[in-house]
Each structure stands twice: as C-alpha cells, then as structure tokens.
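User: I am new to this model and would like a close look at one part of it. Please start there, then work outward in short steps.

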Amino acid sequence: MRPPGMRYISTRGMAPRVDFEGALFSGYAPDGGLFMPEELPQLSIETLRQWSTLSYPGLVKELCTLFIGPELIPRDVLNGLIDQAFSRFRHREVVHLSRLRNGLNVLELWHGVTYAFKDLSLCCTAQFLQYFLEKKEKHITVVVGTSGDTGSAAIESVQGAKNMDIIVLLPKGHCTKIQELQMTTVLRENVHVFGAGCIAQKMGLPIRLVVAVNRNDIIHRTVQQGDFSLSEALEQTLASAMDIQVPYNMERIFWLLSGSNSQVTRALMEQFERTQSVSLPKELHSKLSGAVTSESVSDEAITQTMARCWEENKYLLCPHSAVAVSYHYQQTEQQPPSLPRCCLAPASAAKFPEAVLAAGLTPETPAEILALESKGTRCTPMRKGDDWTLMLRNTIEDISCQQRGHFLSALE
C-alpha cells in the first residue's frame, strides 16, 4: 500500500486536511481559508541545477509530482495531462524569455490561447479536474468571477471537456473590449457568461521578489507600512487586471511568513473581513518587508515605460508588464543591477490596444484576435436589481437537467 502523499491544510486551521483532489474541488476551505501544502518540499542546489535545463512543461511535471503524488495521478498519466494542457500554446517553449537592452529581461507568460498568463495554470487545472471527473463518472458546473483574463482562460481550458460546464460572471466596464469578446464569442455549448513566487522562495529558489502594482496599492502599503486596508475607492487604471481591492493571496503569504501559524492568520483575516483594515504585527511586517520589495506605479509611468521600451527595443509591452518594467528602469537609473533581473509579462499588448494608443504607439493585433470581431456572441445580461443568485441557480439547475437527460439516454 502506497504511503499517503501531500496533504493540504487551511490557512485558518479549522478545516480537515485534504489531499490534492480535495483541495482542487473545494475552492475555499470550509472555514473560509485557503488551502496550502502541509509541508513545502525543500529543493537542493543540485536539484535546482538539474531542473535548470528542463523545458517549461518538464519543470511543471517535476513540480506537480511533488504536490500531487502518484497514488492520485500516476506519473505517466500526469505527464500526458500536462503535455495535453500545453498543446495549444503558440510558442514551442510555452514561456519565452526576451533579453532586451540595459539588462532588461522579460519573461513572456502569454503564449497561450487567450494571450495571458492565466492560460498557464488553468489549462493544467482543467486537465486535472477532467481526469478526476472521468474517473468517477461525475459532472460539475464551475462558476468563475473575473475582471478580465481569468474568464477567457477558464473558458478555453474546458474546450472538449465532457464533464464540466462553466459559468462566467463578467462585470461590465472592468475589462477591455478584446477581453470581453474572448469570453462572449459563441464557441461552445458548455460555457455560460453573465455580464506566486513566495512559495518558490520558501522551497529554496534563490530569488529576491519585487511586487509592482498600479495606483490600487493595498499590497504596496502592506509591504511598506504593514497597512492591510481597503482604499476609499477603487481607481480605474490602464493596468485594469490590477484594479482590485482585496488581494486574496495575501492570506497565503501571511500564513507562510508567520511560520504556518493558522491562529495568527485567522485572526488577521477575520479582523479584515469585519473592519476592512488591519495593521500587521511588527514581527510579521518585518518578515514581509524582508522577503518582498514593492512599488506603486502611476498610469503616466506606465505609458512612459511602454514608449521607452518600444523606442529602445522595438518591443511592445502590455500595461501590466510595463508596471514591472517601470520598476526596473527606476532602479537601473540609480545603479546597474548587481544580479540578473527578470520582469514577468502576464499578458500580450495585443489585448490592450487602448493602453498602447495612450502610450503614443501603434497596436499590433494578431489574426486570431481580429477574427473575434466577426463572430457572434452569447451573454445573458444582468441588470442592477436583478436577483443574480436566482439566475445562477436556475442556470445550474438547467445544466443538471440536461446532464441527467444525457445520462438516461446513454443508459437506454
């Protein structure tokens, strides 16, 4: 009998331990917390050296083996699922590192179907969900709330999935026209649309982390001042995917840096949920500011960075990538980097033509995105005052009735 593999526990410490499958299907833990590995595997320098020669899919296979375990998904099956997950990426490397002038390195995470970094994780998530559902002959409906890239990546990830339907909640005015088209274009019947780095560091990867954000700066204030509190209002910026008030992953970071102390994490998050304002304990803030550097970037700095990168490299940045590159430019003006610095590019500039124009540049639109304009769309509008929970419940019940009908037909 194989020993049990990795177990996952809630950051708030009041939920039972689960395996990878349990965490995958749970979303939030029953106590309101987020699932984290009970223990983080430690990677030796020798392991890191060996992994440095792997392709991106090869690296994902090694990492997933540590966090899933062969008793749930055998290694050969896991390899096949991951190969399938990345089969629709446009770049043969899946992610690509562009080396530009003056020590600027941009890691392009946007070569998936929807031209955004969410493709990297959600394509794998969908494969794992489908594997477990097929094994148990079950069907689920996944509800996704999004301000942009998550919805389209989730929709694309379930292409061909027979055991999943997906409902996307699309807030009006919080994404670009291209992002909206990617979610509402009629492609599949099982889609219904309504209008981390700290872990790697803890596992032994020798990196220094910088989190750069736009004017919605709750993370920056938390790192710099220990002030984890909502702003008076959400600002709409060119980097729209960063226009958030509550960065939920901060809960995982608090848990990690407090030494996996669920009591401390639970107290912080419950206070935040009650008052929308928390001052971090001095020791936790010290650990956070020691682990992460932060910066907040204005729209003006975003457009200036996009223009400068084009002028120096003929390389077009999306506004979110420009937030990171802005920090790089700011630092290199003070002194040349003593260590290599890599800026993560979460999306293609092709998805944000408005920001490209604001920077005085010319958008470059791939044929796949241009084609969206000529396709039909399907979206159920929600008006202010509508009972959205009832609308969702009715849609889910309709899907369930259809699935029961398909099941009975198959039996006959």
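What phi does Gly-226 take, just after H9? Please describe that helix, and then the parts around it and beyond.

Analyst: Keep in mind that this is a predicted model. Gly-226 sits just after H9 and takes a positive phi of about 75°.

Start with the helix itself. H9 spans residues 218–225 and is mostly covered. Of its eight residues, six are buried. They are Ile-218, Ile-219, His-220, Arg-221, Thr-222 and Val-223. The list mixes side chains: Ile-218, Ile-219 and Val-223 are buried, and so are His-220, Arg-221 and Thr-222.

What lies over these residues? The cover of the buried residues of H9 includes both strands and helices. Among the strands are E8 (209–213), E9 (227–229) and E11 (292–296). Among the helices are H10, H11 (262–275) and H12.

Two of those covering helices also meet each other. H10 covers residues 250–257, and H12 covers residues 282–291. Their axes come within 10 Å and cross at roughly 105°. An angle from 65 to 115 degrees counts as roughly perpendicular, so H10 is roughly perpendicular to H12. From H10, the contact uses Met-250, Ile-253, Phe-254 and Leu-257. From H12 come Leu-284, Lys-287, Leu-288 and Ala-291. Seven of the residues in this contact of H10 with H12 are nonpolar, one is charged and none is polar. Nonpolar side chains tend to be buried together in soluble globular proteins.

H11, another part of the cover, leads to a second positive phi. Gln-276 lies in the loop between H11 and strand E10 (277–279). Its phi is near 60°, a positive value in a residue other than glycine. Gln-276 has 33% relative accessibility, so it counts as partly exposed.

Now compare another loop. Val-94 is in the loop between helix H4 (75–85) and E3. Val-94 also has a positive phi in a residue other than glycine, near 70°. Is Val-94 buried or exposed? Its relative accessibility is 3%. Buried means under 20%, so Val-94 counts as buried.

That loop leads into a sheet. The sheet is open, with three strands in the order E3-E4-E12 and mixed pairing. E3 and E12 are its edge strands, each pairing on one side only. From one strand to the next, the twist averages 30°.

Take the pairs one by one. E3 (residues 96–99) and E4 run antiparallel and are joined by four bridges. Leu-97 has Leu-107 as its bridge partner in E4. Ser-98 stands opposite Val-106 of E4. The hairpin of E3 and E4 has four residues between the strands. In that hairpin, Asn-102 takes a positive phi near 55°.

On the other side, the sense changes. E4 pairs with E12 (residues 341–345) in the parallel sense, over five bridges. Here Leu-104 stands opposite Arg-341 of E12, and Val-106 stands opposite Cys-343 of E12. Val-106 thus has a facing residue in each neighbour: Ser-98 and Cys-343.

E4 (residues 104–108) is mostly covered, with four of its five residues buried. Helix H14 (residues 319–334) packs on the sheet and touches both E4 and E12. The direction of H14 makes about 160° with that of E12.

Finally, step back to the nonpolar cores. The largest has 57 residues. Which of them touch the most other members? They are Ile-73, Phe-86 and Phe-128. Leaving out residues up to four places away in sequence, Phe-128 touches Phe-20, Leu-24, Cys-64, Ile-68, Ile-73, Leu-78 and Leu-81. Ile-73 therefore appears twice here: it is one of the residues with the most contacts in the core, and it touches Phe-128. Apart from that core lies another one, of 29 residues. Its members include Leu-100, Trp-110, Ala-322 and Ala-349.

Conventions: Residues are numbered from 1 along each chain as its sequence is written. This is a predicted model: local features need pLDDT of at least 70, side-chain atom pairs count only at pLDDT 80 or more; totals for chains, interfaces and linings use all residues. Side-chain values use heavy atoms; hydrogens and water are left out. A nonpolar core is a set of buried Ala, Val, Leu, Ile, Met, Phe, Trp, Tyr and Cys residues joined through side-chain atoms within 4.5 Å. Buried means under 20% relative accessible area, exposed over 50%, partly exposed in between (1.4 Å probe, protein chains only). Contact means heavy atoms within 4.5 Å. Helices (H or I, at least four residues) and strands (E, at least two) are DSSP runs, numbered from the N terminus. Two strands pair if DSSP finds at least two bridges between them. Axes are lines fitted to C-alpha atoms, for helices over the stretch in contact, and angles run from 0 to 180 degrees between N-to-C directions. Angles under 35 degrees count as roughly parallel, over 145 as roughly antiparallel, 65 to 115 as roughly perpendicular and the rest as oblique. Ala, Val, Leu, Ile, Met, Phe, Trp, Tyr, Cys and Pro count as nonpolar, Asp, Glu, Lys and Arg as charged, and the others, Gly among them, as polar.
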